[in-house]
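Work through the exercises below with the sequence and the model open. Try each task before reading its solution.

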Amino acid sequence: MALGHRSEHPGSRRDKVSMLNSTIAAGDAPAASRPSSKVLSRRRRKIHSALVAYSFIAPNFLGFAVFTLGPILFAFVLAFMHWDGSNAITFAGLDNFWRLFEDKVFIAAFWNTIIYTVVSVPATLACALGLAILLNQKIFGRDFFRTAMFFPYVASLVAVAVVWNMIFNPEMGPVNMVLYTLGLDPKDMPGWAADRHWAMVTVILFGVWKSMGYYMVIYLAGLQGINSELYEAADLDGANAWQKFVYVTVPQLGPTTFFVTVMLTIQSFKVFDQIYMITQGGPGTSTLVLVYHIYNEAFISWDLGYSSMIALVLFFLVLAVTVVQFRRQRED
């Protein structure tokens with residue numbers, strides 16, 4: 001028998017192993033429960049953040065739903081009804097729609113809107129881009145001219161329209177005075193807003209003059225975002241000013257031009273205020289547009305069902321033009 005040797009019973013060894021395993025299991029239990037508590041806390045934080053965000057959005061969304069979305073949906077339904085605002089609403093089916101094709105005033109307003117859009121959008125686009133390129137150069141009084149060009153957009157429409165009517169007055173306006181000085185016969189003087197042949201021209205000029213300053217600012221931002229190294233490379237290749245404009249400036253301003261075109265198109269289709277202030281749709285129906293026709297039918301004739309149908313047609317017209325513009329932009 002060797003000295004110092006101690007024998008250990010096999011049963012005690014099994015007891016120690018079982019105790020060790022139970023200790024490990026007891027230690028692992030809290031570790032397994034920790035991820036679930038973290039997940040719960042993360043979910044609570046996300047819910048709290050979402051509630052805070054929705055609480056800020058809710059007032060604006062409620063206002064939009066009550067004063068914009070609700071009336072729009074009601075107008076869509078009202079387009080298929082007869083209603084004068086006081087008597088009971090009756091179902092009209094497609095009567096209001098078929099009436100559009102028999103309404104000569106609607107047809108005139110439709111084509112006037114198309115003419116106004118086709119002419120004013122490219123004209124405003126060209127003037128805004130030209131002003132932006134000019135005022136992007138280092139010229140004397142650049143900040144003053146930028147402010148002066150932007151001022152018509154923020155000025156009061158009533159005051160601007162009154163001044164515009166005075167400037168283009170057929171009898172004593174400065175424009176006709178200049179034309180008379182240049183030798184134009186008084187009989188051939190344009191009547192501007194008072195002449196059915198010149199009234200639309202007057203309205204378009206007013207719209208271009210009032211809007212070009214705002215879109216000039218947008219183009220200025222686009223021009224300042226163009227990399228100057230592109231122009232330096234064009235100079236090294238011997239490009240002149242026109243070639244740099246065509247092959248550098250225009251492609252680089254593609255996204256800006258697309259945005260401006262879409263905004264101008266929508267603005268042109270829903271033009272109303274300047275028509276109301278300058279011509280009231282006249283003389284005759286020469287400057288009558290769809291939105292002004294909607295106003296007349298809704299609040300002068302109180303034919304709310306028919307006016308809603310016109311508004312529905314205008315909505316789908318703007319939607320179709322916008323979708324076509326987006327598809328062309330994707331193809332480009």
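The exercises concern a predicted model and deal with a helix contact, two pockets, an aromatic pair and two backbone features.

**Exercise 1. Helix contact**

Task: Determine how the axes of helix α3 and helix α7 are arranged, and which residue classes make up the contact.

Solution:
1. Locate the two helices: α3 covers residues 104-135 and α7 covers residues 199-224.
2. Take the distance and angle of the axes: they come within 6 Å and cross at roughly 40°.
3. Classify the angle. Angles under 35 degrees count as roughly parallel and 65 to 115 as roughly perpendicular; α3 and α7 are therefore oblique to each other.
4. Assign the hand: the crossing of α3 with α7 is right-handed.
5. Sort the contact by class: 21 residues are nonpolar, 5 are polar and none is charged.

**Exercise 2. Largest pocket**

Task: Describe the largest pocket by its volume, its lining and the helices that supply the lining.

Solution:
1. The volume of the largest pocket is about 600 Å³.
2. Its lining has 19 residues, and A75, V291, I294, A311 and L314 are the closest to the centre.
3. Helices that each give at least two lining residues are α1 (10-78), α10 (254-269), α12 (290-300) and α13 (304-331).
4. The largest share, 8 residues, is from α13.
5. By class, 16 lining residues are nonpolar, 2 are polar and 1 is charged.

**Exercise 3. Second largest pocket**

Task: Repeat the analysis for the second largest pocket.

Solution:
1. About 430 Å³ is the volume of the second largest pocket.
2. Among its 15 lining residues, T257, F258, T261, Q329 and D332 lie nearest the centre.
3. At least two lining residues come from each of α3, α10 and α13.
4. Helix α13 supplies the largest share, with 5 residues.
5. The lining divides into 8 nonpolar, 5 polar and 2 charged residues.

**Exercise 4. Aromatic pair**

Task: Work out the geometry of the pair W164 and F206, and where its two members sit in the chain.

Solution:
1. The whole structure contains 28 aromatic pairs.
2. In the pair of W164 and F206, the ring centres are 5.4 Å apart and the planes make an angle of 75°.
3. Planes over 60 degrees apart count as edge-to-face, and this pair is edge-to-face.
4. W164 is in helix α5 (residues 157-167) and F206 is in helix α7. The two are 42 residues apart, and the pair links distant parts of the chain.

**Exercise 5. Backbone features**

Task: Examine the peptide bond between G282 and P283, then the phi of W192.

Solution:
1. Start from the usual case: most residues other than glycine have a negative phi, and most peptide bonds are trans.
2. The bond joining G282 and P283 is cis, with omega about -5°.
3. P283 is in the loop between α11 (273-278) and α12.
4. W192 is not a glycine, yet its phi is positive, about 55°.
5. W192 belongs to the loop between α6 (174-181) and α7.

Notes: Residues are numbered from 1 along each chain as its sequence is written. This is a predicted model: local features need pLDDT of at least 70, side-chain atom pairs count only at pLDDT 80 or more; totals for chains, interfaces and linings use all residues. Side-chain values use heavy atoms; hydrogens and water are left out. Axes are lines fitted to C-alpha atoms, for helices over the stretch in contact, and angles run from 0 to 180 degrees between N-to-C directions. Helices (H or I, at least four residues) and strands (E, at least two) are DSSP runs, numbered from the N terminus. Angles under 35 degrees count as roughly parallel, over 145 as roughly antiparallel, 65 to 115 as roughly perpendicular and the rest as oblique. A crossing is left-handed if the near helix is turned anticlockwise from the far one by less than a right angle, and right-handed if clockwise. Ala, Val, Leu, Ile, Met, Phe, Trp, Tyr, Cys and Pro count as nonpolar, Asp, Glu, Lys and Arg as charged, and the others, Gly among them, as polar. On a 1 Å grid over the protein atoms alone, a cavity is a set of points where a 1.4 Å probe fits but cannot get out, and a pocket is an open set with protein on both sides within 12 Å along at least five of seven lines; lining residues have an atom within 4 Å of a point. Grid points are joined across faces, edges and corners, and a volume is the space filled by probe spheres set on the points. Rings of Phe, Tyr and Trp (its six-membered ring) pair if their centres lie within 6.5 Å; planes under 30 degrees apart count as stacked, over 60 as edge-to-face and the rest as tilted.
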